[in-house]
Structures are given as structure tokens and as C-alpha cells.
Amino acid sequence: MVTLRNGMYYDVLTHRVFKRRPSSDSPCLNRPIHRSSVRDRTFSLDSGRARRVVLILTERCNLACSYCYAGQGAYGKGSLNRIPDRQIDSILEYLEETFPNGIENLQFFGGEPLLETRAIRSICERAPHCVSIRESARSVVTNGTVLSEGILEVLSIYHIAVTISLDGSAEFHDLYRVFKRGGRGSFSVVTKNVARLASAGVPVAIQLTVSPAMVQAHARGQFDVEDFSDLLDNIGVRYVHLSPVIDVLGGEFSFSEQQLEQLDAFQAQMIAALHARGLMNNAVVEAHRFLTKRECNPGYCGAGLDELTVDINGDLYPCFMFINKPEFRIGTINKGVTNTALITQLETNRKAHSEICERCAIVDSCKACVGASVLENGTVSRPSTTMCRFLNNNYFLGVNELIESIRHE
């Protein structure tokens with residue numbers, strides 16, 4: 001039984017919410033949810049459908065973000081490559097052969113993908129003739145520093161949703177996200193471009209990566225979540241995805257126990273501030289999705305199952321966080337999936353096999369990131385302690401905000 005911040009009670013076994021501590025006959029606010037297996041093998045050569053495919057368009061990036069797992073865009077490679085037209089042809093041929101039943105979400109990624117707008121345009125122009133991506137929702141993940149009239153035109157014409165990295169106020173964003181040339185911070189450029197995109201009607205979401213320094217400053221009263229939420233509202237942001245920095249245990253950007261406690265308080269205040277302004281966030285959205293879909297998840301995220309990443313040279317990975325890690329390459333666009341051992345490992349990586357997950361309050365709803373598991377622990381089978389704590393807080397904070405919305409209607 002979990003006590004929510006509003007004083008209500010959440011039964012983690014049936015996912016029912018009670019106004020008072022429940023007894024056997026206590027009325028609840030929602031129907032129970034029973035465990036059921038909902039994620040079988042949905043990505044395979046025979047499935048014909050994917051939930052998400054990520055295309056790496058370039059390994060070039062104009063920023064030098066200090067906690068970038070991608071090695072400032074190049075993923076640790078010695079050269080900075082951009083996707084040639086002939087490779088676009090080959091990738092689309094592979095997608096057509098592998099996913100004749102369609103790809104729900106097609107995401108453009110990098111490096112900095114908006115440095116390769118001509119590739120985005122080329123793919124979108126061909127989409128009506130490609131069964132696999134004809135109906136796909138399209139999105140791009142960008143650092144938000146590159147925006148010309150031509151780029152804005154492509155994003156608008158082809159209905160591409162934009163996710164931009166904005167890591168707090170100027171002080172904290174500019175602490176880590178700096179230009180390679182000159183080393184100056186990127187905050188002012190990013191916020192101007194967010195406002196410009198929003199004014200043009202392009203959907204803009206913010207990826208807010210929370211650092212230990214940020215939560216420490218918040219604990220000292222030096223980071224105001226209300227002011228930051230006002231800023232996001234004023235520049236046209238309508239969705240915020242919060243996530244912590246993940247580093248190897250004991251690494252430069254890993255959270256100490258004290259910082260994790262500070263992270264708890266930061267999450268609570270940030271989510272409440274966003275919700276009060278009508279800004280959607282992943283805590284509320286994911287809690288709502290679970291409680292309305294009423295389906296329990298026996299596994300983790302969809303990496304290698306219903307999600308696939310295609311590297312710039314045609315290598316296939318379960319997730320973009322694994323690029324240039326040979327042990328996590330699952331195949332190539334020429335030969336298809338060949339690393340069946342890794343696919344089997346991902347398929348059988350179930351919470352029921354983990355003592356950590358078995359006793360977790362959000363075991364049914366959680367879709368923990370296996371990329372974070374590998375970054376922190378070096379294996380897909382041991383969840384990241386930092387991410388686990390963050391997701392646990394996010395879920396119950398999201399439920400709390402949902403209930404408060406209902407109470408005030």
C-alpha cells in the first residue's frame with residue numbers, strides 16, 4: 001500500500017485508489033487491474049510490424065555535451081559520417097522487406113539530425129510510396145540549435161514532431177550543453193528556437209535531463225521549478241519528458257544517496273508545477289496510459305522487441321544507446337537479424353526473473369530502459385538503481401496529479 005501525496009492510498013496489487021486506508025469493504029475510485037502478459041515477441045523477421053524505428057542520419061554534432069552517452073554524437077567512432085543517398089535507398093528497402101505491416105513511429109536521430117535535413121526531406125518524400133513508413137508518425141530528437149527557414153519548412157510540411165533537449169535554466173543547461181566551437185552555452189539559442197517552432201505550429205516537446213548538480217541547487221533554493229515551468233509555458237512547450245542522467249555507479253554524473261533523496265523532492269515539485277500550468281509530462285501521461293489501458297507489462301522497454309535502431313552504416317541495434325557496442329549489434333540491413341542470442345536474451349529478460357523487480361511497487365506498469373541498465377551496470381538484466389527510483393516516483397506522482405485533476409473538475 002502506497003500513500004499518495006494527497007493522502008489517498010494506492011493498492012499496488014490491484015492498482016486501486018482509496019480515499020481512506022482500505023478495509024475489506026472499502027469503496028475505491030477505480031476498477032482493479034489484474035496482471036496479464038501483454039508483451040510477446042513483437043519484433044522479428046516474421047512479425048512485419050514495429051512500434052518504433054530510429055534512423056541515425058549523421059554522426060556530426062555541433063555541441064560537446066559533457067554527459068553525452070553518444071560521445072558527442074560520434075558514438076566513440078574515429079570518423080564523423082553523414083548518410084549518403086544510396087544508404088537511404090538501402091535502409092528503406094530493408095524496412096519495406098522487414099515491416100510490410102507498418103512502423104508506428106519513425107524517429108530521426110544523430111548526432112544532430114537537423115544537420116541532415118536533406119536526408120529527412122528525402123525520406124519523407126518517398127514515404128507515400130513505402131508501405132512500411134507511409135502511415136508512420138514522424139519525429140526528430142535535436143539539440144535545438146539548428147533551425148533555418150528550410151528546416152522549419154520540412155518540419156511543417158511533413159508534420160514532424162520535435163523533441164528538444166533543454167536541461168533546466170541557463171545556469172545548468174549551459175553548464176553541460178556547450179558548442180564545440182568556442183565552448184559557449186546553447187540555452188539562449190535553444191529557447192529562441194523552441195519559441196519559433198511553437199509559433200509556426202510545430203509540436204515541441206522538451207527532454208529535461210536532470211543532473212545531480214541541478215537537484216543539489218534545487219535543494220539549496222538556487223533552482224526555482226516555478227520560474228522554469230513559467231519559461232517553458234511562455235515559449236510554447238506543451239510536453240516535458242523528465243529523465244535523470246545515467247552514469248556508471250561511482251561515475252562523475254552518478255547520483256549519491258543524498259542526491260537521490262534530493263531528486264525525489266525535485267521530481268515532486270517539478271511535476272506539480274508543470275501540471276498546474278497545463279503542461280503534460282511523462283509522469284502523468286504514462287500513469288494515465290497504464291490505468292486506462294489496464295495492461296500489465298512483464299518485461300522492460302521494447303528495445304530489440306518492438307523497437308529497432310538503424311545506424312548510419314546499416315548496422316542494426318536494439319536501441320540507439322548501444323551503437324558502436326559490438327556485443328549489442330543484432331545484425332545489418334543486408335543480412336537482417338543474425339544475433340539471435342541477444343534477441344533471445346532481450347525476450348527472456350523478464351521482471352519475474354529479477355529479485356529487484358519482483359518486490360517493486362510498480363512492477364506491473366514499469367517499462368524500465370535497458371539502455372540505462374547497461375550504462376549503469378553493464379548488463380541488460382540488472383535494472384539501473386537511479387532509473388528505478390526515478391520511475392517509481394514518477395508513477396505515483398503521476399497518479400497523484402491525475403486524481404487531483406479529477407477532484408477539481
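User: Taking contact to mean heavy atoms within 4.5 Å, which residues is Gln262 in contact with, leaving aside its neighbours within four places in sequence?

Analyst: This is a predicted model, in which local features need pLDDT of at least 70 and side-chain atom pairs count only at pLDDT 80 or more, while totals for chains, interfaces and linings use all residues. Residues are numbered from 1 along each chain as its sequence is written, and side-chain values use heavy atoms, with hydrogens and water left out. With those neighbours set aside, Gln262 is in contact with Val215, Gln216 and Ala219.

User: Is Gln262 buried or exposed?

Analyst: Gln262 has a relative accessible area of 15% and is therefore buried. Buried means under 20% relative accessible area, exposed over 50%, and partly exposed in between, with a 1.4 Å probe and protein chains only. Gln262 lies in helix H8, residues 257-276; helices (H or I, at least four residues) and strands (E, at least two) are DSSP runs numbered from the N terminus.

User: Moving on, how many disulfides are there?

Analyst: The count is zero, where a disulfide is a pair of cysteine sulfur atoms within 2.5 Å.

User: Why is there no bond between Cys319 and Cys369?

Analyst: The closest cysteine sulfur to that of Cys319 is in Cys369, and no bond is counted because the separation of 5.7 Å is too far. The sulfur of Cys369 has its closest cysteine sulfur in Cys301, at 5.3 Å, which is also too far for a bond. Cys319 is buried at 8% relative accessible area, whereas Cys369 is partly exposed at 24%.

User: And strand S4, which strands does it pair with?

Analyst: Two strands pair if DSSP finds at least two bridges between them. S4 (residues 50-56) pairs with S5 (residues 103-109) in the parallel sense over six bridges, and Ala50 has Ile103 of S5 as its bridge partner. S4 also runs parallel to S11 (residues 307-310), joined by four bridges, with Leu55 opposite Val310. Six of the seven residues of S4 are buried, so the strand is largely enclosed by the rest of the structure.

User: What about helix H12, how many of its residues are buried?

Analyst: Six of the eight residues of H12 (residues 370-377) are buried, among them Val370, Ala372 and Glu376. The cover over these buried residues includes H13. After H12 comes Gly378, which has a positive phi near 80°.

Key:
Contact = heavy atoms within 4.5 Å.
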